[in-house]
Amino acid sequence: MGSRLVGYGSYLPEHIMTNQDFERLMDTTDEWITSRTGIKTRHFARDDETVVDMATIAAQRALDNAKLTINDIDLIMVATTTPELDFPSVGVQVSGRLGAKNNLPAFDLRGACTGYIYALHCARGFFTAGMHQRIMIIGAEKMTRFIDMSDRSTAVLFGDGAGALIFEHSSSGYSGIIDTVVMADGNEFECLHGTPDHRIAMNGPETYKKAVQCMPDAARYIMKHAGITAENIDWIIPHQANLRIIHSCAAHLAFPMDKILITVDQHANTSGASGVLALAYALDNDIIQHGQLILYPAFGSGLTWGAALIRI
Ligand code: UT7
């Protein structure tokens with residue numbers, strides 16, 4: 001038993017923050033940011049715009065895209081690390097905003113930048129067990145809540161946004177979420193974590209070293225497990241944290257850069273929304289075609305990492 005993707009949607013806040021905007025605010029340059037990260041712009045939410053606001057818009061767009069209503073969905077999972085409220089979950093709030101009348105179960109999961117892969121992993125298990133018919137996965141983050149404008153080493157790296165994917169149960173095991181793997185190593189907590197006063201603490205170079213090992217490892221694991229090689233894959237959509245990390249992963253996997261989707265230049269690192277926003281971008285722009293096989297590796301705080309294999 002498997003699944004198929006039946007709808008997607010995304011939302012990016014209106015305000016675009018450029019590297020030149022950062023030059024005016026702190027001791028940094030467009031040249032440094034571009035050469036070290038590949039980032040040119042990122043979207044920043046308004047002060048009064050919440051993770052729930054962004055997630056709700058992305059969810060409604062995914063429903064419209066799938067020609068469904070919220071009552072056709074039987075589970076919502078939200079990958080987020082930046083909810084404004086500790087409870088209830090963003091998922092439950094989204095279902096309420098969309099007027100769900102079917103006692104729709106919803107929950108959030110915290111996998112940091114790997115959150116959307118953890119959600120795909122859960123969805124695969126639920127479909128395999130025959131527990132759900134249509135699952136909505138949302139990745140939504142307001143990273144600006146954690147941005148400390150006095151820390152140039154992290155402030156320039158992140159952006160806000162939300163994406164939503166709807167998967168439907170299918171009898172084919174060769175479409176939708178075909179395979180997933182998730183991993184974590186809590187011994188590496190110090191690399192990257194949030195602080196109680198809502199700031200980002202990151203050892204950039206150490207995190208970088210781990211990212212360029214872990215994402216290719218997860219990608220290789222999935223290919224071996226699924227019995228495929230790099231030639232079988234049409235696109236890799238890596239977690240969008242840093243263009244240099246993406247180049248390095250491509251080199252490790254001997255995969256051509258023209259088959260690797262890049263949105264980090266426009267969106268920066270949107271953590272748990274990153275891969276969902278990137279897939280929505282590729283579909284909106286007809287970059288990825290129906291039937292293509294996508295390898296989806298991710299890496300983040302925890303440390304957490306993993307990968308998914310999906311067919312569109
Ligand atoms: O999504 C979760 C996973 N997160 C990641 O994967 C992030 C992984 N790490 C990275 O992407 C990179 O380590 C960074 C982009 C964060 C930093 O790049 P780096 O090449 O590792 O730079 P660095 O931290 O070694 O810093 C090099 C220099 C330092 O100056 P000195 O000590 O050499 O004089 C920094 O103070 O760059 C300086 N620097 C900056 N300069 C201008 C740090 N941030 C900035 C900045 N503008 N914004």
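A residue is counted as near the ligand if one of its heavy atoms lies within 4 Å of it. In this predicted model, 24 residues surround the ligand. Thr28, Arg36, His239, Asn242 and Asn269 are the closest of these. Sorted by chemical character, the shell around the ligand holds eleven nonpolar residues, nine polar ones and four charged ones.

It is helpful to see next where these residues come from. Domain 1 (2-170) and domain 2 (176-311) each give at least three residues to the shell around the ligand. The space that the ligand takes is the largest pocket. Five elements give two or more residues to the shell: helix 2 (30-37), helix 6 (152-155), helix 7 (204-226), helix 8 (243-252) and strand 12 (293-300). Among them, helix 7 makes the largest contribution, with four residues.

Several polar contacts can be picked out around the ligand. On the side-chain side, an N or O atom of His239 is 2.9 Å from an oxygen atom of the ligand. His239 is also listed among the closest residues of the shell. The side chain of Trp32 likewise has an N or O atom 3.1 Å from an oxygen atom of the ligand. The backbone takes part as well: an N or O atom in the main chain of Gly204 lies 3.1 Å from a nitrogen atom of the ligand. Taken by itself, the ligand would expose 950 Å², and the protein buries 73% of that area.

Turning from the ligand to the backbone, a few loops deserve a look. Two cis peptide bonds can be described here. One of them joins Phe87 to Pro88, with omega near -5 degrees. Pro88 belongs to the loop that runs between strand 4 (75-79) and helix 4 (90-97). The other links Gly302 to Leu303, again with omega near -5 degrees. Leu303 sits in the loop between strand 12 and strand 13 (304-311), and strand 12 is one of the elements that give two or more residues to the shell around the ligand.

A further backbone feature is found at Lys67, which has a positive phi of about 55 degrees although this residue is not a glycine. Lys67 is placed in the loop between helix 3 (51-66) and strand 4. Strand 4 thus borders the loop of Lys67 and also the loop of Pro88.

Technical notes: Residues numbered from 1 in each chain as written. Predicted model: local features only at pLDDT ≥ 70, side-chain atom pairs only at ≥ 80, totals over all residues. Heavy atoms only, no water. Polar contact = N/O pair within 3.5 Å; in protein donor to acceptor, adjacent residues only side chain to side chain. Areas by Shrake-Rupley, 256 points an atom, 1.4 Å probe, with all protein chains shown as cover. 1 Å grid on protein atoms, 1.4 Å probe; cavity = no way out; pocket = protein on both sides within 12 Å on 5 of 7 lines; lining within 4 Å. Sits in = over half its atoms within 2 Å of the grid points. Nonpolar A, V, L, I, M, F, W, Y, C, P; charged D, E, K, R; others polar. Domains from an automatic or database assignment.
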